[in-house]
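Q: Please take a close look at one part of this model and describe it in its setting. The part in question is named below the structure.

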Amino acid sequence: MKVLFVGDIVGRNARNFVQKKIIELKAQLKLDAIIVNVENAAGGFGVTPLICDDFFNAGADILTTGNHIWDKREIISYISKNDRLLRPMNMIEGTPGVGITSIKIDAGIIGVANVMTNLFMSRTDPVFNKIPEIINSFRLSANVDFALVDVHGEASSEKMAIGYALDGNVSAVVGTHTHVPTADYQILEKGTAYITDVGMSGDYNSIIGMNKEDALNRFMFPNDKKSKLEVSLGEPTLCGVIIESHTNGLSKSIKPLRLGGRLEQTIL
Ligand SMILES: [Fe+2]
Ligand SMILES: [Fe+2]
């Protein structure tokens, strides 16, 4: 299968750009599935039901999130009814929504899991306790043809450790949350595609997607409660990875995709 994963959408410009691009890319690159992390899609904080519907209508198959999932309260009733929008699976028991799912698409069955790491992140259950559940839920070439895990977290060590813990059991482990793409995309020893962070889809003339002045003031004047973070509205870059898998569900290749904005462009 050929699957596009797009990193954290930050705000309206990135949202509109990515929705337009995924419609084109699906046909142009003959993508079998598209997965998008939308945790910052609504003004940088959270996501709304309407935004989710727009991404599904543009061709996204599954949406993942992270620590910002509950920033817009109206998402609670939506996620309770829609298991194609995921929240981290290691949120405490009883949290609305699900963190792991599999769906049927034209090319077969894809499984997606979303976890949040523990270091420097808001509190969740220990992420490594979820590894057996992921391995047991996704059996490549038995109950799923392709399986991807979005590891939402700050610490690169923790994300790499999850990559190695899942190597050979899933098609891909992709990192999100830091909003900066890393250059370590590779196929791990046992056949799992891996990248520590896909990077955000947003304006890179910013501080992780937010207006530079606002974000800088927060560091310079931490006691000034008036400073409010706003999404930086310059030209966005779509940051993603394209993963190609073998028929056995393990991966052949993982390639970065950067389109638009300030970052060096990848050639399709
Ligand atoms: Fe994010
Ligand atoms: Fe995040």
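The request concerns strand 6, and the answer then moves outward to its surroundings. Where does strand 6 stand in its sheet, and which residues of strand 6 are buried on each of its faces?

A: The model is a predicted one, and the description below should be read accordingly.

Strand 6 spans residues 146–152, and 7 of its 7 residues are buried. In a regular strand the side chains alternate between the two faces of the sheet. Here one side carries Phe146, Leu148, Asp150 and His152, the other carries Ala147, Val149 and Val151, and both sides are covered. Leu148 also belongs to the largest nonpolar core, which has 69 residues; together with Phe5, Ile35, Val36 and Val241, Leu148 touches the most other members of that core. In soluble globular proteins, nonpolar side chains tend to be buried together.

The sheet that holds strand 6 is open, comprises 6 strands in the order 4-5-6-7-9-8, and has mixed pairing. Its edges are formed by strand 4 (100–105) and strand 8 (186–187), each of which pairs on one side only. On one flank of strand 6 lies strand 5 (residues 108–116), which runs parallel to strand 6 and is joined to it by 7 bridges. Within this pairing, Met116 has His152 as its bridge partner. The connection between these two strands passes through helix 4 (residues 131–137), and strand 5, helix 4 and strand 6 form a right-handed β-α-β unit.

Strand 7 (residues 172–176) is also paired with strand 6, in the parallel sense and over 5 bridges. Two of the facing positions may be named: Val151 is opposite Gly175, and His152 is opposite Thr176. His152 is thus matched with Met116 of strand 5 as well as with Thr176 of strand 7. A second right-handed β-α-β unit consists of strand 6, helix 5 (residues 156–166) and strand 7.

Strand 7 is likewise covered, with 5 of its 5 residues buried. Ala172, Val174 and Thr176 lie on one side of strand 7, Val173 and Gly175 on the other. The next strand in the sheet is strand 9 (residues 193–195), joined to strand 7 in parallel by 3 bridges. Ala172 has Ala193 as its bridge partner in strand 9, while the partner of Val174 is Ile195. Helix 5 packs on this sheet, where it touches strand 6, strand 7 and strand 9, and its direction makes about 165° with that of strand 7.

One residue of helix 5, Lys159, merits separate attention. Why does Lys159 count as buried? Its surroundings hold 28 other C-beta atoms within 10 Å, and the cut-off for a buried residue is 20 or more. Leaving aside neighbours within four places in sequence, the contacts of Lys159 are Thr117, Val151, Gly153, Gly175 and Thr196. Among these, Val151 and Gly175 are the residues that stand opposite each other in strands 6 and 7. Thr196 is 37 residues away from Lys159 along the chain, yet their C-alpha atoms are separated by 6.2 Å.

The nonpolar core can be followed beyond strand 6 through Val241, another of the core members that touch the most others. Not counting residues up to four places away in sequence, Val241 touches Phe5, Val174, Tyr185, Ile195, Val198, Ile254, Lys255, Pro256 and Leu257. Val174 and Ile195 in that list are bridge partners between strand 7 and strand 9.

A further sheet completes the setting. This open sheet has 5 strands in the order 3-2-1-10-11, with mixed pairing. Strand 3 and strand 11 (251–259) each have a single partner strand, so one side of each is left without a neighbour in the sheet. Direction ignored, neighbouring strands of this sheet are turned by 20° against each other on average. Strand 2 and strand 3 run parallel and are joined by 3 bridges; Val36, already named among the core residues with the most contacts to other members, has Leu63 of strand 3 as its bridge partner.

Helix 2 (residues 49–58) packs beside these strands: its buried residues lie against strand 2 (33–37) and strand 3 (62–64), and also against helix 1 (11–28) and helix 3 (75–81). Those buried residues are Ile51, Cys52 and Phe55. Viewed down the helix axis, the buried residues of helix 2 fall within an arc of 100°, so they line one face. The face turned away from that side carries Leu50 and Asn57, which are exposed.

Conventions
Residues numbered from 1 in each chain as written. Chains lettered and ligands numbered in written order. Predicted model: local features only at pLDDT ≥ 70, side-chain atom pairs only at ≥ 80, totals over all residues. Buried ≥ 20, exposed ≤ 12 C-beta atoms within 10 Å, placed from the backbone. Helix = DSSP H or I, 4+ residues; strand = E, 2+ residues; numbered from the N terminus. Pairing = 2+ DSSP bridges. Right-handed = clockwise from strand over helix to strand, strands pointing away. Core = buried A, V, L, I, M, F, W, Y, C linked by C-beta atoms within 7 Å. Contact = placed C-beta atoms within 7 Å. Arc of directions from axis to C-beta. Axes fitted to C-alpha atoms, helices over the stretch in contact; angles between N-to-C directions.
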